[in-house]
Amino acid sequence: MDLNKIEHLGIAVKNIEESLKYYEGVLGLKCYAIEEVAEQKVKTAFLKVGDTKLELLEATSNDSPIAKFIEKRGEGVQHIAFAVNGIENALNEVIEKGIKLIDEKPRKGAEGLDIAFLHPKSTGGVLTEFCEKNN
Ligand code: ZN
């Protein structure tokens, strides 16, 4: 398996505009993209910190995974995303090692990345994303 960095942290927020008051106004980061991922029922906002990104996630519907997360656990860090070389191989490797996956095959995520989620039940409670730039 070839993980090369933390690509981003996914942070569940109730309201992106409100949250940006902290991330931009206090921390001085810059939001460079806002994108809706209709399939996941989320709106995302991206900020860069050096080589790593923060992905703010706001639910666009009450049955969005983000709405459910906030209902259960409140706002906060929702997932960790590793950049991986060879996402298919990495997924096969974790399957062989008995890890439960949410996505057995990569799919398109925000920013056009190929992404797949590992199930938090298999990862010590941390929703884990693999992602790879494929263009
Ligand atoms: Zn993510």
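Is Lys30 buried or exposed? In this predicted model, Lys30 has a relative accessibility of 61%, and since anything over 50% counts as exposed, exposed it is. Its salt-bridge partner is Glu24, with the closest N and O atoms 3.9 Å apart. Glu24 is a step further in: its relative accessible area of 26% makes it partly exposed. That pair is a handy way into the charged side chains, but the metal site comes first.

The zinc ion is held by two histidines and two glutamates. His8 and His79 each coordinate through NE2, while Glu55 and Glu129 each offer an OE atom, at 2.1 to 2.3 Å. Read along the chain, the donor residues follow the spacing H-x46-E-x23-H-x49-E. His8 sits in strand β1 (residues 3–13) and His79 in strand β5 (residues 76–84), so this pair ties together parts of the chain that are 71 residues apart in sequence. What about the geometry, and why is the site of the zinc ion irregular? The angles among the four donor atoms run from 85 to 173°. A tetrahedral site would need all angles to lie between 85 and 135 degrees, so the upper end of that range already rules the label out.

Both histidines are tucked away from the surface. His8 counts as buried because its relative accessibility is 2%, and His79 is buried too, at 3%. Around His8 there is plenty of company. Setting aside neighbours within four places in sequence, His8 touches Thr52, Lys53, Glu55, His79, Ile80, Ala81, Glu129 and Cys131. That list includes Glu55, His79 and Glu129, which join His8 in coordinating the zinc ion. With Glu129 there is also a polar contact between the side chains, at 3.1 Å. Glu36, on the other hand, is 28 residues from His8 in sequence and 17 Å away in space, C-alpha to C-alpha.

Back to the charges: how many salt bridges does the structure hold? The count is nine. One of them joins Lys53 to Glu7, where the closest N and O atoms are 2.7 Å apart. Lys53 belongs to strand β4 (residues 52–59) and Glu7 to strand β1, so the bridge ties together parts that are 46 residues apart in sequence. Both Lys53 and Glu7 are buried, in contrast to the exposed Lys30. The pair isn't on its own, either, as Glu7, Lys53 and Glu111 are linked in a network of salt bridges. Another bridge runs between Lys108 and Asp114, again with the closest N and O atoms 2.7 Å apart. Asp114 is buried, with a relative accessible area of 11%.

Now to the helices, starting with α1. Its buried residues are Ile16, Ser19, Leu20 and Tyr23. These cover an arc of only 110° around the axis, which puts them on the same side of α1. An α-helix has 3.6 residues a turn, so residues three or four places apart point the same way. The face turned away from the buried side of α1 carries the exposed residues Glu17 and Lys21. Among the elements covering the buried residues are β1, β2 (31–37), β3 (42–49) and β4. At the start of the helix, a side-chain oxygen of Asn15 comes to within 3.0 Å of the backbone nitrogen of Glu17.

Ser19 deserves a closer look. This serine lies in helix α1 (residues 16–23) and is buried, with a relative accessible area of 11%. Leaving out neighbours within four places in sequence, Ser19 makes contact with Val13, Leu56 and Glu75.

Helix α3 (residues 87–96) can be described in similar terms. Which of its residues are buried? They are Ile87, Ala90, Leu91 and Val94, and they cover an arc of only 100° around the axis, which puts them on the same side of α3. On the other side of α3, Asn89 and Glu96 are exposed. The cover over the buried residues includes β5, β7 (114–118) and β8 (128–132). Of these, β5 is the strand that holds the zinc ligand His79. After α3 comes Gly98, which has a positive phi, near 85°.

Methods. Residues numbered from 1 in each chain as written. Predicted model: local features only at pLDDT ≥ 70, side-chain atom pairs only at ≥ 80, totals over all residues. Heavy atoms only, no water. Donors = N, O, S within 2.8 Å, 3.2 Å for Na, K, Ca; no water. Tetrahedral: all angles 85-135°; square planar, octahedral: opposite > 155°, others 65-115°. Helix = DSSP H or I, 4+ residues; strand = E, 2+ residues; numbered from the N terminus. Buried < 20%, exposed > 50% of the residue type's maximum accessible area, 1.4 Å probe, protein only. Contact = heavy atoms within 4.5 Å. Salt bridge = Lys/Arg side-chain N within 4 Å of Asp/Glu carboxyl O. Arc of directions from axis to C-beta. Polar contact = N/O pair within 3.5 Å; in protein donor to acceptor, adjacent residues only side chain to side chain.
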